[in-house]
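Please study the sequence and the three-dimensional view below before reading on. The briefing that follows treats the helices and then the sheets, topic by topic.

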Amino acid sequence: MSDKAREFEFMDKDFQKIRNLAHARAGIFLSPKKRDMVYSRIARRLRTLGLSTFEQYLEHLEEHEDEAQDFINALTTNLTSFFREAHHFDLLSEQMLRLADSRRGPIKIWSSACSTGEEAYSLAITAIETFGTWTPPVRILATDVDTNVLSQAKRGVYASERVSKLDEERVKNFFVKGKGSHVGMVKVRSQLKDLIHFNSLNLLAPSWPVKGPFDAIFCRNVMIYFDKPTQYKVLSRFNPMLLDDGLLYAGHSESFQHAADLFRLKGKTVFAPVSKKSTDKV
C-alpha cells in the first residue's frame, strides 16, 4: 500500500517506534516486511480512539497504560484450530499414560499461548480420551498475552465450522450444538472447562504467575515471532519449569539449535530439557 493511498500518514519513525515497543512489551519481532500489516492493524486503533495521526496514537500509548494491552492485541496473530499438528496429541497421550504409572499427583500441562482456546480444549479432550473418564488426573494451565482471545477461550463457544474437521463422535461427545439464536455455534462441555485454568500472561514479563514444574509445555508457533535472543530468553525460563522427563511441544517450523544447552530434539518438533537426569525415552 503506498503512503499516498493511506488514510493516515505513516512515517518511518512511527513504524520504528512501534517495532521497538512491540519487541519491548511482548518480544514480537516485526520485520520491515510487516510495515503494511502494522499500519492496517494500528490504524484501527486510531479510528477507535478518534485520533488523526500515528504520532498522536503513540503519545496516547505513552500516557494511557490501559492502551498497552490493546496495542499488543492488535499486533498479535491468532491462527489456531482443534488438534492442530495432531501428532503432538498422540505423543502426549502416550506420555500421560507413562507418567500416570509413576506419579500419584496430577499431570500438569501448560498451554503457554492458548489463543482462542482450541489447543487447551484439545489437550483436555486428549486427557479424557486417554484415561477414559471425565475426571482424568490432569490439570491444564492456558495462558495468552492477548486478553481478547483469552476471553473467547474462557467462553468456549465457536462457530460450527471450527469443529467440522473433527471426528463426528468427538463432536458429539465434547460439544453442545447451539439452538434457536445460537444455531451454527457449538459450546465445549463443562467437563472440559473443569480441567483448565485460564490466565493472562506475557512471556516477556519479568515474572510469570505460574507455578511449575510441568510435565508438558505447549508453545507452538510463537517463537517464530521472536528474534533469536528473545527465543533463548524464553527457553531459558521454560527449562526449569519442566520436570526432567517433561517435554516441550513446539511449532512445525520452529528449531532451537541455538539453545542446544537448554533443549534437545526428541522427535518431530518435540524437545526435552537438557539436564543430568533427562532420559532418551519418548
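In this predicted model, Ile 18, Leu 21, Ala 22, Arg 25 and Ala 26 of helix H1 meet Ala 68, Phe 71, Ile 72 and Leu 75 of helix H4. By class, this contact of H1 with H4 comprises 8 nonpolar residues, no polar residues and 1 charged residue. H1 also packs with helix H3, and the model further contains an open sheet of 3 strands and an open sheet of 7 strands.

**Helix H1 with helix H4**

- Helix H1 covers residues 12–26, while helix H4 covers residues 67–75.
- The two helices pack at an angle of about 100°, and their axes are 11 Å apart.
- An angle from 65 to 115 degrees counts as roughly perpendicular, and H1 is therefore roughly perpendicular to H4.

**The surroundings of helix H4**

- Is H4 largely enclosed or largely open? Of the 9 residues of H4, 7 are buried, so the helix is largely enclosed by the rest of the structure.
- The buried residues of H4 are Glu 67, Ala 68, Phe 71, Ile 72, Asn 73, Ala 74 and Leu 75.
- The cover over these buried residues includes H1, helix H2 (35–49), H3 and H7.

**Helix H1 with helix H3**

- Helix H3 spans residues 54–63, and it packs with H1 at an angle of about 25°, with the axes 10 Å apart.
- Angles under 35 degrees count as roughly parallel, and H1 and H3 are therefore roughly parallel to each other.
- The crossing of H1 with H3 is left-handed.
- On the H1 side, Asp 14, Lys 17, Ile 18 and Leu 21 take part; on the H3 side, they meet Phe 54, Glu 55, Leu 58, Leu 61 and Glu 62.
- Sorted by class, the contact of H1 with H3 has 5 nonpolar, no polar and 4 charged residues.

**Two residues in helices: His 60 and Asp 90**

- His 60 is located in helix H3.
- Is His 60 buried or exposed? Buried means under 20% relative accessible area; His 60 has 19% relative accessibility and therefore counts as buried.
- Leaving aside residues up to four places away in sequence, His 60 touches Leu 49, Leu 51 and Glu 67.
- Asp 90 has its place in helix H5.
- Exposed means over 50% relative accessible area; Asp 90 reaches 51% relative accessibility and therefore counts as exposed.
- From Asp 90 to Ser 164 there are 74 residues in sequence and 20 Å in space, taken from C-alpha to C-alpha.

**The sheet of 3 strands**

- The strands of this open sheet follow the order S3-S5-S4, with antiparallel pairing.
- Strand S3 (157–159) and strand S4 (175–177) stand at the edges; each has a single partner strand, so one side of each has no neighbour in the sheet.
- From one strand to the next, the twist averages 30°.
- S3 is joined by 3 bridges to strand S5 (residues 185–188), and the two run antiparallel.
- Within this part of the model, the bridge partner of Val 157 in S5 is Lys 187.

**The sheet of 7 strands**

- This open sheet has the order S6-S2-S1-S7-S8-S10-S9, and its pairing is mixed.
- Strand S6 (196–200) and S9 are the edge strands, each pairing on one side only.
- The twist in this sheet averages 25° from one strand to the next.
- Strand S9 (residues 263–267) and strand S10 (residues 270–273) run antiparallel and are joined by 4 bridges.
- Gly 267 has Val 270 in S10 as its bridge partner.
- S9 and S10 form a hairpin with 2 residues between them, and Thr 269 in the turn has a positive phi of about 50°.
- Strand S8 (residues 242–250) pairs with S10 in the antiparallel sense over 2 bridges, and Leu 248 stands opposite Phe 271 in S10.

**Helices packed on the sheet of 7 strands**

- Helix H5 (residues 87–100) lies across strand S1 (107–111), strand S2 (138–144), strand S7 (214–219), S8 and S10, and it runs at about 170° to S8.
- Helix H7 (residues 147–155) also packs on the sheet, where it touches S2 and S6.
- The direction of H7 makes about 165° with that of S6.

Key. Residues are numbered from 1 along each chain as its sequence is written. This is a predicted model: local features need pLDDT of at least 70, side-chain atom pairs count only at pLDDT 80 or more; totals for chains, interfaces and linings use all residues. Side-chain values use heavy atoms; hydrogens and water are left out. Two strands pair if DSSP finds at least two bridges between them. Axes are lines fitted to C-alpha atoms, for helices over the stretch in contact, and angles run from 0 to 180 degrees between N-to-C directions. Angles under 35 degrees count as roughly parallel, over 145 as roughly antiparallel, 65 to 115 as roughly perpendicular and the rest as oblique. A crossing is left-handed if the near helix is turned anticlockwise from the far one by less than a right angle, and right-handed if clockwise. Contact means heavy atoms within 4.5 Å. Ala, Val, Leu, Ile, Met, Phe, Trp, Tyr, Cys and Pro count as nonpolar, Asp, Glu, Lys and Arg as charged, and the others, Gly among them, as polar. Buried means under 20% relative accessible area, exposed over 50%, partly exposed in between (1.4 Å probe, protein chains only).
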